[in-house]
Amino acid sequence: MGRLKAFVKARWPALRLRAILFGVLLFTAAMPGLGAVFLRVYENVLVRQTEAELIAQGAAIEAVMRQNWPGPAASAPPRDDEYEPEALSVDLNRMKTLPERPSAEITTLPSDPDAARATSGASAVIWDTVRATLASVRVLDRNGTIVLARTDVGRSHAALPEVDSALKGTAETVLRRRGNYAPRYPLEVFSRAADIRVHYARPIRVGADVVGAILLSRSPRSLFRGVYDDLGKIALGVGVIFAIILGLSALLSRTIARPIERLSEATKQVALGPTSVPPPPATAAVEIRELFENFARMAKEIERRSTYLRDFAAAMSHEFKTPLAGIRGALELLDEHGAEMDQSDRRRFLANATQDADAFRAS
């Protein structure tokens, strides 16, 4: 750990205080936006996952229909070059949501007998698939007439744009409103996919011919249900954000708080007496480093002036003590031996005291 700290300090860039504060505040302000973007992207992933499941289910039903279709061309094995994954097309940000799927129309066209026979042989597999996936499945003949469904058998969906595209040989996915939608909990107002249903139309090919279509639909998984199901991953993301916040807090501590604490401690030591100011921390902000350097220069100047004042006071004290000592000595001699001295000695001591007094006055 010590080596790591030394490595980081040696390579720590010089950051200005305003840049540090701006970065922290910018990240804090961006967090709600990042959360909203994450929810939008995650919800789009859920809808695309529903489309992928419908594509896989449609491919399986098409294979069963082809297997049960009358005629030799239906049972021909696929070629190796036919393995092509179908691209997903759903995008909540760009795709328009169509109105609820209209009811099937009455038609005078009879159902294709080949489609009816193939559906009869594949119905068990199809209904088992419906029970397992909860998707709505409708099998249509080459004219768009429904030959297998829970309701509306014998009616037509040929007017639907996705069915028309499938009967022309191109699979298509559309988003439609759910007619029976009713909010189940308040948070659904934040979900864009709560009231939509994914509709996927896939052509049934036998050889080179399109002999019918499969119309599948299902509601995507709820956003907050998906959040609950993927709680572990989301908790990991929250943990990462929390770790980033801790890292930013450590950055502020290293670059601002701790250097200021060290500088405060240094000011206390300077107030108590001569001391050396510690060098600025390597991780401190540029302004904090400059503050350390200016304070070190100030401490040196204070120490220089304090030394000058001490020397000056010592010199003055010496200058004051010398004449005072002479005057005091002369007075003590006169007091103790004045009666014994002759007139000339007494005048000499008095002259010396007067001379020391004049020197003290001059200083």
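**Close-up 1. Strands β4 and β5 pair in the antiparallel sense.** Strand β4 covers residues 172–177, and six bridges join it to β5. The model shown here and in the other views is predicted. One pair to find is Leu175 and its bridge partner in β5, Val198. Strand β5 itself covers residues 196–206. It is mostly covered, with nine of its eleven residues buried.

**Close-up 2. Strand β5 also pairs with β6.** These two strands run antiparallel, over nine bridges. Val198 appears again here, standing opposite Arg218 of β6. Val198 is thus a residue to follow between views: Leu175 is its bridge partner, and Arg218 in β6 stands opposite.

**Close-up 3. A hairpin links β5 and β6.** Two residues lie between the strands. Gly207 takes a positive phi here, near 70 degrees.

**Close-up 4. Strand β6 is largely enclosed by the rest of the structure, because eight of its ten residues are buried.** The strand spans residues 209–218. Buried residues have under 20% relative accessible area. Besides β5, with its nine bridges, β6 pairs with strand β2.

**Close-up 5. Strand β2 runs antiparallel to β6.** Strand β2 is made of residues 136–141. Six bridges join the two strands. Arg138 marks one position in this pairing, with Leu215 as its bridge partner in β6.

**Close-up 6. The second largest pocket has a volume of about 330 Å³.** It is lined by 17 residues. Closest to the pocket centre are Glu100, Arg101, Gly179, Asn180 and Arg197. The elements that give two or more residues to this lining are β2 and β5. Both strands appear in earlier views: β2 is joined to β6 by six bridges, and β5 pairs with β6 over nine.

**Close-up 7. The lining of the second largest pocket, sorted by residue class.** Eight of the lining residues are polar. Seven are charged, and two are nonpolar.

Key:
Residues are numbered from 1 along each chain as its sequence is written. This is a predicted model: local features need pLDDT of at least 70, side-chain atom pairs count only at pLDDT 80 or more; totals for chains, interfaces and linings use all residues. Side-chain values use heavy atoms; hydrogens and water are left out. Buried means under 20% relative accessible area, exposed over 50%, partly exposed in between (1.4 Å probe, protein chains only). Helices (H or I, at least four residues) and strands (E, at least two) are DSSP runs, numbered from the N terminus. Two strands pair if DSSP finds at least two bridges between them. On a 1 Å grid over the protein atoms alone, a cavity is a set of points where a 1.4 Å probe fits but cannot get out, and a pocket is an open set with protein on both sides within 12 Å along at least five of seven lines; lining residues have an atom within 4 Å of a point. Grid points are joined across faces, edges and corners, and a volume is the space filled by probe spheres set on the points. Ala, Val, Leu, Ile, Met, Phe, Trp, Tyr, Cys and Pro count as nonpolar, Asp, Glu, Lys and Arg as charged, and the others, Gly among them, as polar.
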